[in-house]
Amino acid sequence: MGIPVTDELRALRARAYGPAADIHLDPAAMRRLEELEEAGRRSPAVELPVATPADVAVADEDAAASPSAADVAPPAPELPFWRRPRVRTAKWAVGLVVAALLGAGLTYSVVAITPVSTSSGAEQIATLTPSTTLRIPPGYFGWEDGGSAFEYAGLTILQTSNSFIAAGVGDAPCIQVLETRLVPDPQEFDEAGGWSYDGNLWGGCSVGAFPASAAVPLSGEGAPKVDLPDGRALQFVLEGDRVGVFLDRG
């Protein structure tokens, strides 16, 4: 017999298997779905058909050739999807990605972080949009007036057509990351007269299918002197007009 379907179970299954699946974000709902499905599997209410004499005779003839019930192992109960073997977990993950793409509008409305693609597998902790408050001198590290600049926890990310530490290819964009406290005042900056920078610089340019990105260490002499999350490194990845921030917790 199948699991009795209640309104609560139907709603939880929609959150787990529907196109806008989000139950993985709600541990309490995942546990409740597991409880309801387990309770349904343990339900003793099973209706058996009444056997006719002919059915009984046929059953007696087949009994000698058929293994007894004691010799047949009962089927293992199906596990909830979040406790199944890794191969099934992988299938669930693929299905979740497809569901997320189909319901992108809904996903963006309830999730604060807009996903940005990366191949590192690190956790995305923020999505940056161009700052309207940063004051960058034109010509500083190749930044042009009207270009995009982003800010994250005391760091400034400049989008440029070239990088001081990585060569761009054609019109491929680059990003350069530096400490915001070291950015000079535009009124005092003199590009023609020369300028210096006393700090660390991280950057990279887009090449082929790979986006412009920069990795910033969080410990050691090369780490910036700002208050950043605990971990091993941060990675900034440029995608269109936004920058994804990824954290390697180590």
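**Close-up 1. The turn at G240 in the hairpin of β7 and β8.** In this predicted model, G240 takes a positive phi near 65° in the hairpin of β7 and β8, which has two residues between the strands. The two strands of this hairpin run antiparallel and pair over seven bridges. Look for E239 here too: its bridge partner in β8 is R242.

**Close-up 2. β6 alongside β7.** Strand β7 also pairs with β6, again in the antiparallel sense, and this time over five bridges. To find your way around, start at V216 and look across to β7, where L234 stands opposite. As a general point for viewing strands, side chains in a regular strand alternate between the two faces of the sheet.

**Close-up 3. The salt bridge of D248 and R232.** Here D248 and R232 form a salt bridge, with their closest N and O atoms 3.0 Å apart. D248 sits in strand β8 (residues 242–248), while R232 belongs to the loop between β6 (213–217) and β7 (233–239), so this is a link between distant parts of the chain, 16 residues apart. How exposed are the two partners? D248 is partly exposed at 28% relative accessibility, whereas R232 counts as exposed with a relative accessible area of 52%.

**Close-up 4. A shared network of E8, R32 and E35.** Not every salt bridge stands alone: E8, R32 and E35 are joined into one network by salt bridges that share partners. Across the model, the count comes to ten salt bridges. In general, side chains of opposite charge can pair when their charged atoms come close.

**Close-up 5. Helix α1 meets helix α2 through R13 and E37.** The salt bridge in this view is formed by E37 and R13, and their closest N and O atoms are 3.5 Å apart. Because E37 lies in helix α2 (residues 27–41) and R13 in helix α1 (residues 7–17), the pair ties together parts that are 24 residues apart in sequence. Is E37 buried or exposed? E37 is buried, at 5% relative accessibility. R13, on the other hand, is partly exposed, with a relative accessible area of 26%.

**Close-up 6. R15 of helix α1 and D26 of the following loop.** The side chains of R15 and D26 meet in a salt bridge, at 3.4 Å from N to O. R15 is in helix α1 and D26 is in the loop between α1 and α2, so the pair ties together parts eleven residues apart in sequence. Both residues are partly exposed: R15 has a relative accessible area of 27%, and D26 comes in at 24%.

Technical notes
Residues are numbered from 1 along each chain as its sequence is written. This is a predicted model: local features need pLDDT of at least 70, side-chain atom pairs count only at pLDDT 80 or more; totals for chains, interfaces and linings use all residues. Side-chain values use heavy atoms; hydrogens and water are left out. A salt bridge is a side-chain nitrogen of Lys or Arg within 4 Å of a carboxyl oxygen of Asp or Glu. Helices (H or I, at least four residues) and strands (E, at least two) are DSSP runs, numbered from the N terminus. Buried means under 20% relative accessible area, exposed over 50%, partly exposed in between (1.4 Å probe, protein chains only). Two strands pair if DSSP finds at least two bridges between them.
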